Amino acid sequence: MNINEFDKAGVEAIKEQFSLSPLQIEQFNQLGELYRDWNAKINVISRKDIDNLYEHHVLHSLGIAQVINFKPGTKIMDLGTGGGFPGIPLAIMFPQGQFHLVDSIGKKIKVCTEVAQALNLTNVTTEWTRAENIGEKYHFVVSRAVMPLADLVKIIRKNISTEQRNALPNGLICLKGGELEKEVMPVKNRTDFFDLKDVFEEEFFETKKVVYVPV
């Protein structure tokens, strides 16, 4: 397996933050080559950003794992997953969780499906559709800067299960960056923020947050 210097450093950064099994380390190691290969065929990550895959995409996705430790059997939908973020890294981190990756762009879902199969992630399913068409129930919906929070809450409210399984009540967990004051106004009274700069030292995370809205 060809692991370049950027990818090696990225995996080391993950190992510094999380306790990983040998299988998880192997799966994280494989991500770089898999995404470089697929990105050459189907552009799901900016070509300029591919060397920052681990910091800007994988480690960023794992910011959610700093906020919640999904219990076995937790059902999570990744809405607007793109190339598989945050869903694929979270599925590696929580092999006993069930992850459903959804995107409205078929070629992106193809990449997600192929990467999950290559990693033998049996806890991942994928679907090419719009959020409005999803009827199943999940404990959590995760997303990365897909749309404004209030709009997202309206769309996914129907998908949140009433069965509680985790210490954190069911709801929406988003990765967001930049100035959020106006965006969160409609849901401000029930929104919690977690600054990723407090756990990740890289400059990229200076303005990055995990935003949690119980639903």
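This section describes the sheet, two helices that lie across it, and the nonpolar cores of a predicted model.

The sheet is open and is formed by seven strands in the order β3-β2-β1-β4-β5-β7-β6, with mixed pairing. Its edge strands are β3 (124–128) and β6, each of which pairs on one side only. On average, neighbouring strands of the sheet are turned by 20° against each other, direction ignored. In general, strands of a sheet pair through backbone hydrogen bonds, in either a parallel or an antiparallel arrangement.

At the β3 edge, five bridges connect β3 with strand β2 (residues 98–103), and this pairing is parallel. One of the residues involved is Asp103, whose bridge partner in β3 is Trp128. At the other edge, strand β6 (residues 192–195) is joined to β7 by four bridges, and these two strands run antiparallel. Here Phe194 has Val210 of β7 as its bridge partner. β7 also pairs with β5, again in the antiparallel sense, over seven bridges. Within β7, Pro214 is the bridge partner of Gly171. β7 is mostly covered, with six of its seven residues buried.

Two helices lie across strands of the sheet. Helix α3 (residues 53–61) lies across β4, β5 and β7, and runs at about 165° to β4. Helix α6 lies across β1, β4, β5 and β7, and its direction is at about 155° to β5. Because six of the eight residues of α6 (residues 149–156) are buried, that is, have under 20% relative accessible area, the helix is largely enclosed by the rest of the structure. The buried residues of α6 are Leu149, Ala150, Leu152, Val153, Ile155 and Ile156. They pack against the strands β1 (75–79), β4 (140–144), β5 (171–177) and β7 (208–214), and also against helix α7 (181–184).

In soluble globular proteins, nonpolar side chains tend to be buried together. In this model, the largest nonpolar core contains 50 residues, and Leu31, Phe70, Ile88 and Ile173 have the most contacts inside it. A second core, separate from this one, has 20 residues, including Leu79, Ile134, Ile160 and Leu172. When residues up to four places away in sequence are not counted, Ile173 touches Ile64, Ile68, Phe70, Phe140, Val141, Val142, Ser143, Leu168, Val210, Val211 and Tyr212. Among these contacts of Ile173 are Phe70, also listed with the most contacts inside the core, and Val210, the bridge partner of Phe194.

Definitions and conventions
Residues are numbered from 1 along each chain as its sequence is written. This is a predicted model: local features need pLDDT of at least 70, side-chain atom pairs count only at pLDDT 80 or more; totals for chains, interfaces and linings use all residues. Side-chain values use heavy atoms; hydrogens and water are left out. Buried means under 20% relative accessible area, exposed over 50%, partly exposed in between (1.4 Å probe, protein chains only). Contact means heavy atoms within 4.5 Å. A nonpolar core is a set of buried Ala, Val, Leu, Ile, Met, Phe, Trp, Tyr and Cys residues joined through side-chain atoms within 4.5 Å. Two strands pair if DSSP finds at least two bridges between them. Axes are lines fitted to C-alpha atoms, for helices over the stretch in contact, and angles run from 0 to 180 degrees between N-to-C directions.
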